[in-house]
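Visitor: I'd like to see how the labels on this thing are earned. Can you walk me through it?

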Amino acid sequence: MAELIINRDKLTQLLHEIAGGETEVFAPVLKEEATYITKISQDTPIHYDFFISVNSVKEAIFPRYEPILKYKIDQEGVKLEDIPPMKPIVLFGGHPCDAASLMVMEKLFGWDYNDHFYQDRRNKTIVITLACNEFDKDCFCTSLGYSPHGEVGSDIVLESISKEAWKAKAVTDRGKEFIEKHNTYFAASDKPDASFKTIGDKDIPVGFDKDAVKPWIKENFESEEWQKLTSKCWSCAACTYVCPTCHCFDITDDASMWSGLRTKNWDACTMPIFTLHASQHNPREAYYQRYRQRIAHKYSYYVDLFKVISCTGCGRCSRVCGAGMNILEILTRISSLAKKGGK
Amino acid sequence: MKEIIEKAKELLSQGTVDLVIGYEQCGDKQCRPLFVQKPEEADKLVFNEFCVHNLATYLTRPEVKQTKRVAIVAKGCDIRAIVNLIIENQSTREHVYIIGMNCPGVVSGKAPNPTKPHTKCQTCKVRTPQMSDVTLGPTPPESIPMDKTITHPDVEELKKKTREEKWAFWREQLSKCIRCYACRQACPMCYCNRCIVDLNTPQWIDTRSNLRGNLDWNIVRAYHLSGRCIDCGECERVCPANIPLMLLNRTLQEEVKEKFDFESGYDLEACPPLTVFEKDDHENFIR
Amino acid sequence: MEEKWEPTIIAFVCNWCTYAGADLAGTSRFKYAPNVRIIKTPCTGRIDPMFILSALERGADGVIVSGCHPNDCHYNEGNFNARRKYIMFRALLTQLGVDLDRVTFAWCSASEGIKFAGLVTEVTDRIRKMGPYTEFKQLNQDAR
Amino acid sequence: MAKIGVFVCWCGSNIAETVDVKRAAETIAKIPGVVYSVDYKYMCSDPGQDMVKNAIKEYNLTGVVVASCSPRMHEKTFRKAASEAGLNPYMLEMANIREHCSWVHDNKEEATQKAIDLIRMMVEKVKRNKPLQNIKIPVTKKALVIGGGVTGIQAALDIAAGGIPVILLEREPSIGGHMSMLDETFPTLDCSQCILTPKMVEVAQNPLVTIMTYSELEKLEGFIGNFKATIKKKARHVNVEECTGCGTCWTKCPTKVTSEFEQGLGIRKAIYIPFPQAIPSRPVIDEANCMKFTQNRCGICAKICPKQCISYDDKEEFIEIEVGSIVVATGYDLMPTSAFGEYGYGKYPDVVTSLQFERMVCASGPTLGDLQRPSDKKKPKTVVFIQCVGSRDPEHHKAYCSKICCMYTAKQTMLYRHKVHDGNAYVFYIDIRSNGKNYEEFLRRAQEENKAQYIRGRVSMVYQDGPDLVVEGADTLTNSQVRIRADLVVLATAMVSPIGVKELAQKLGIGYDQHGFLTEAHPKLRPVESATAGIFLAGCAISPRDIPDSVSEASGAAAKVLGMLSKDELEKEGVVAIVRECSCTGCQNCIRVCPFTAIALKDIRDKAGNLIRQVANVNPGLCTGCGTCTPTCPSRSIDLQGFTDEEIFAEINAMAELH
Amino acid sequence: MSENIYKPYLMKVAEVRDETPDIKTLKLEFQNPAEGETFSFKAGQFGLYSAFGAGESTFCIASAPTRKGYIECTFRVAGRVTSQLRDVNPGDTIGFRGPYGNTFPIEEKFFGKSITFVAGGIALPPVRCVIWNVLDLRDKFKDINIVYGAKTYQDLVYKDELQQWQDAKDINLIKTLDPGGDKAEYGCNNWDGKMGFVPTVLKESGINGKGGIAVLCGPPIMIKLSLPVLVELGFAKEDIYTTLENKMKCGLGKCGRCNVGSFYVCKHGPVLTAADLATMPDEF
């Protein structure tokens, strides 16, 4: 297939047109000086001049809360009601680190039991990724073997050729179909802007040895280093909620006398109540235990289970942390300890 | 800067305290909390206009409470939080060694590029900290303009809106809330070990981040802080959704000031205003 | 259900004054609008601002909060403490743009059966004119 | 699900006429958890109550809702019935569909719908109700009366008359209080000593009354029925048991001191009894003035005491007593007259207070009843009495009326005229308040028979002119300036709360107003009770009163004490607050708002005894179940049983239309 | 449309039994008998029980897989869901999702061996499921020992069954109460068991663990103290089985709550051996 080009105006038109139909469209939107990837309608302005969205793309496929069961109660008993099927989604505006996260997360939601809420939606999603033109000190995708131009998880990757236009690359058949279906929006070629600067893999330094992290965690679970590394953490869930791969959730009922709705809501291992038993026993009572769980789950446990690190190096958690916790710094420290054989 | 390091070393080596909570630099325009337990770790301590965090929030942690005594680097405004914690029986004056910092004001805006001067600094009455055990840093210049009233332009602007406009504004703002509770965890006054939002008997507050839950949560948070908020602005700073939380807090502070003539965090003998009353409290809204 | 819409009004009242006042309205046969549903608490001090919020969220179109006049509290101070809470809560709701015309506070003593009856009728008429509180009802919709 | 029974009452036609009770019962029967729902003509009748009892047994009901009249009418009735059938009485609630529904609405459809809603709300509440137990508190059958004036004496006598032992606590060396200082009393002009002394003797001789003079309350712990009081017995330096009150010591004592009892007009010794009829008639040594203590010399009293009762080494003692109930009768003081510069008090010796005047005319006073003015012992020919000195003066002094000044001033004009038949008595007043039995008549006698001249107006100043005092004031009735040359000026100064009462109130955990007067549990309906259960109030401790009011309140308080202590244990409703300790932060919000000081901090310690944290702790004996604490708690760690968050939430949710 | 893994079976409450003042046992039957016929589970598995309107709560299936047509669960009233479940009556509907988790390898590992059950307090239900499973196939096993203790007499669950096991000739039941647990105020008269904590009683039991299987369930402190005793008695760490009760929300290895180390207790557990436990972080 020939190289196809699409510019901002056309892309905006395309996304707006799709949003007017039965498909849900997620795209970057500017809200108070920050960019969020949210569901848009036909007339929502789409924001292109951003480095990275505050939230991750997971919100599109694994929403903050979603109904998983409806029921009616009367004296005869309980009647269960079905949840309507998921709508197709076009997910635009993530970077390669976002797209890669989908591949990480679907392993868990498909593990043994198929969580169709996630999986169906995932299968109905066209992922249109923006290759990176910028990075900052918190970015570390290269440390995990990903690339700012990576294709993992994307159906279509858009690479900037100028400030206004991208080269579209279909990564999957579904991506190809999508482009073909909407081919009127794509041009065969356009003038690339030679002065437009983008970044390459080498620009983002590899900060640590990803393979050294897991063994160190395994062997040094009780290390005092954990408390040092995580003493600042104040146990909110900002990091986990902006993380593209954090996937823990809670299930709650909300009911009136006659009917109820059971929903799946985001939850976070960093929050004190996450593991609190009804008996008041809390296996992860201390702040450092909870943050340790987050790191260990991503870099050790998940790897054991699914052979992939549950992190794509997007750096969002570091950017959002009010207490100044920096995951790259912590992993670098762990990796250097591992190299030195330190505890 | 040097004097903080020296003070921390002195306190730790003489055994006056077993923990110093201060700031370290973590970027050009960014600082973050630092826990120092050994004199030799104190060299990283700094103090400058990027030291925005209210470190008093760490005082209510079990591991900090368990220390023999803790030293804390505190701006005048942070000390207001310590005062409230003492009033509310969460700490004692004896347990906290306050390294008070003369403060010419801190920045606001999101890291890593905070630019604006913090609004709270424009109305600050405690640039020279009260009640500290030691006060460090150059005396703040008198020339900094200081507005004695505690009205804020953004609050005034919101007040001018019609009811429907306000509702639309907050609907939009609160729909962004993802319920990460960063506001709660960063707040020095939110020290409950079991927040009301984590209770389910009954479930007053929907834990889902839908509009109802978000509205409930933010109402309760602001309401529980009424008369207790010390205007540090941490909740707003740490909010990943950029919700202007201080708008609510400031409104309530102004109300407390106007109706009960009270400002929280200045007087160790004061009671939180919602735990006391005057028989002639304003009541023209009651029929 | 297709007939004319009628507002639902929930009243939180204290046991000693307003509840007794409502009893007196009954024994005196003062007629008032049938839209109110009374929830009894021992004292206005027990009436949590959360009750008001919950009631509105769960479908009430109007809320009445009522208890003993100042200095008349059976427990001396409950209404004074409550009044402070309401002052703050109202300030908060005002700023949020919640419709405070739907939340009515009134002191009503055990001897003021007539005041209670008038209050309920007046509030009901007012809320009926305002229509259902859709702003709050919409909060419950689970649109993504 | 719970098993709830619902009983809808017709109340004859009272309810059934406006509410379709059949439809209500049938609709309610469809609610999950309702296993039995009926309507009946008169639920409160015996057959109606039997229906409830039988259904509880037959259906094993876990909760009952009776939809009928106001709970004020029959909640007790039905709860008793439930209890008899083996159901915890707190598992029964009433839905008020008569007073709140059928009697106030006309439209049957609307009323029926409302009744159904009301019942449904109660059903939902009852589902969440928890069985509660009434709280039983054992009582110590002993009372403490604080204050040994006429009020305290009367209270002690009345309590003892009911067979309950009493401790009568007085901080002065003798009981008797202010009344013992008075000459004659209005409106009967009977001699104060003559009527008080027999009472003092009676109380001293009563085997059930223990009098502790020269003693103060140091500390109070515990709660209703179970107080533990620590009493500080100040060092008297006289062995009270051995002493016979022979008087040798105070006769021989060389140190003369201004007498407090004589209001500074007379003298006493450093070892003294305050007045001849003092009870106990045992002296005390005034350490501040005795040379043995100030200069370590003299020691005469110890040498001459025939029974060797004097011990200079006495130390104050602390005694713990357990009592079930307390009466506070701490009385009053006069406002310190230093406050009234414009009247020349302190500057001019012939400006005196009303209480000094009492001593000046009293037969047992320093002049043995011969009226002399202090400066030159001259018999005063003209006396000006000024009323409302410090009272009714919100700008400068006290806003309140001291209540008795009008009457005693009238009395004092009479006493004066009885001593000086041709004397002139002028009274400056603002208003005259004479609203007691025979008071107005008494006042007229003062004006008409005793020629007291009443001038309506305030005195602007008093100054000395030669030997005389000049009183300048305004007569607001004639709108003219008045100037009177007087030999003596008597100030009717305001009654105030005595020094130390605020501190005492804090020890007792009872309320006081801005003037230091103690606060009643309810100003109209519970006038002799404090807000703290088991502590009662009487007399001028509450606000200015005259003797008859004080004495009747003393008897009222005594009746309350007797009523309380007549039982072996007190029983109160189980509707009290309860703390969930695991989430309580000990922030003290609930403690601050509790009107009854029923909440205190409790230490949580680990096994080694180290303090881990503090939490709130409710004393169910003191808690009245108002629930003010619950909404004040940010983490909802304190809840009011019987009206829990969950129960009220269920009521709200019963109206919900969520999905 | 794909199947909703969060959708529960609707169960009719067939029977409610009070075990102790705050522990109940529910016997549940499938509302749709067809579902009941296809349903099967193995010893050790658990499920999520819905109190509609309140939420879901996790307990093991306490009945034996050898007894078809119903399941039983035993739970202690602690939170919102269990409070609502406490109040159910026969005939009411509740929800059940399951069976989840792994199982005791009865056929694979237990057959032909002596089995020793050790349980404390509320932890008997998961063991009970295995006990009945084993007893129903009694001839496949050698000796059967049951050591069960509770704080007080009142806290003993399944009192009737304890009596049955005691009366059975081919079972060695050792029951014990913590010191002071036999007072009359706990409804106890003439206690015929032992007095003392489970680890102590176990130590004195004289059970020979060589080649045998141990099933151990109880509060964390009891497990901690009993493990070395079992090893001392001769049990191999690989032959000591226990079940973990971590907080769970989904039971399906999704919600992340029960994750400890590389284990999702809902998937890799709840049945784990002492050898497994030794490799896990101490966070359960």
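Guide: What follows is a short run of questions about a helix, a core, one chain and two contacts, all in a predicted model.

Visitor: How do you know that helix α15 of chain D has the span a helix should have?

Guide: The helix covers residues 547–565 of chain D, which is 19 residues. The expected span is 1.5 Å times one less than the number of residues, so these should cover 27 Å, and the end C-alpha atoms are indeed 27 Å apart.

Visitor: Which residues of α15(D) are called buried, and what makes them so?

Guide: A residue gets that label if 20 or more other C-beta atoms lie within 10 Å of its own. In α15(D), D:Ile547, D:Val551, D:Ala554, D:Ala558 and D:Leu565 are among those that qualify, and the list also includes D:Glu553 and D:Lys560.

Visitor: What covers them?

Guide: The cover includes helix α6 (150–161) of chain D, along with strands such as β6 (143–146), β18 (325–328) and β30 (569–572) of that chain.

Visitor: What makes D:Val489 stand out in the largest nonpolar core?

Guide: That core has 549 residues, and D:Val489 is one of four that touch the most other members, with B:Ile72, D:Ile119 and D:Val327. Touching takes C-beta atoms within 7 Å. Leaving out residues up to four places away in sequence, D:Val489 touches D:Tyr343, D:Asp350, D:Val351, D:Val384, D:Ile386, D:Val462, D:Leu469 and D:Val471.

Visitor: Why is chain E called compact?

Guide: Its radius of gyration is 18 Å, and the globule rule gives 19 Å for 284 residues; the two are close, so chain E is as compact as a globular protein of that length. Its C-alpha atoms fill a box of roughly 55 × 45 × 35 Å along the principal axes. Chain E has nine helices and 15 strands, and 54% of its residues are buried. Among its contacts between residues at least 6 apart in sequence, 70% join residues at least 24 apart.

Visitor: How many residues does each chain bring where chain C meets chain B?

Guide: Chain C brings 28 residues and chain B brings 31. On the chain C side, α3(C) gives the largest share, 13 residues. By class, that side has 15 nonpolar, five polar and eight charged residues.

Visitor: And how many are in contact between chain C and chain D?

Guide: There, 36 residues of chain C are in contact with 37 of chain D. The largest share of the chain C side is five residues, from α1(C). That side counts 16 nonpolar, 11 polar and nine charged residues.

How values were computed. Residues are numbered from 1 along each chain as its sequence is written. Chains are lettered from A and ligands numbered from 1 in the order in which they are written. This is a predicted model: local features need pLDDT of at least 70, side-chain atom pairs count only at pLDDT 80 or more; totals for chains, interfaces and linings use all residues. Helices (H or I, at least four residues) and strands (E, at least two) are DSSP runs, numbered from the N terminus. A residue is buried if 20 or more other C-beta atoms lie within 10 Å of its own, exposed if 12 or fewer, and partly exposed in between; C-beta atoms are placed from the backbone. Two residues are in contact if their C-beta atoms, placed from the backbone, lie within 7 Å. A nonpolar core is a set of buried Ala, Val, Leu, Ile, Met, Phe, Trp, Tyr and Cys residues joined through C-beta atoms within 7 Å. Ala, Val, Leu, Ile, Met, Phe, Trp, Tyr, Cys and Pro count as nonpolar, Asp, Glu, Lys and Arg as charged, and the others, Gly among them, as polar. The radius of gyration is taken over C-alpha atoms; the globule rule is 2.2 Å times the number of residues to the power 0.38.
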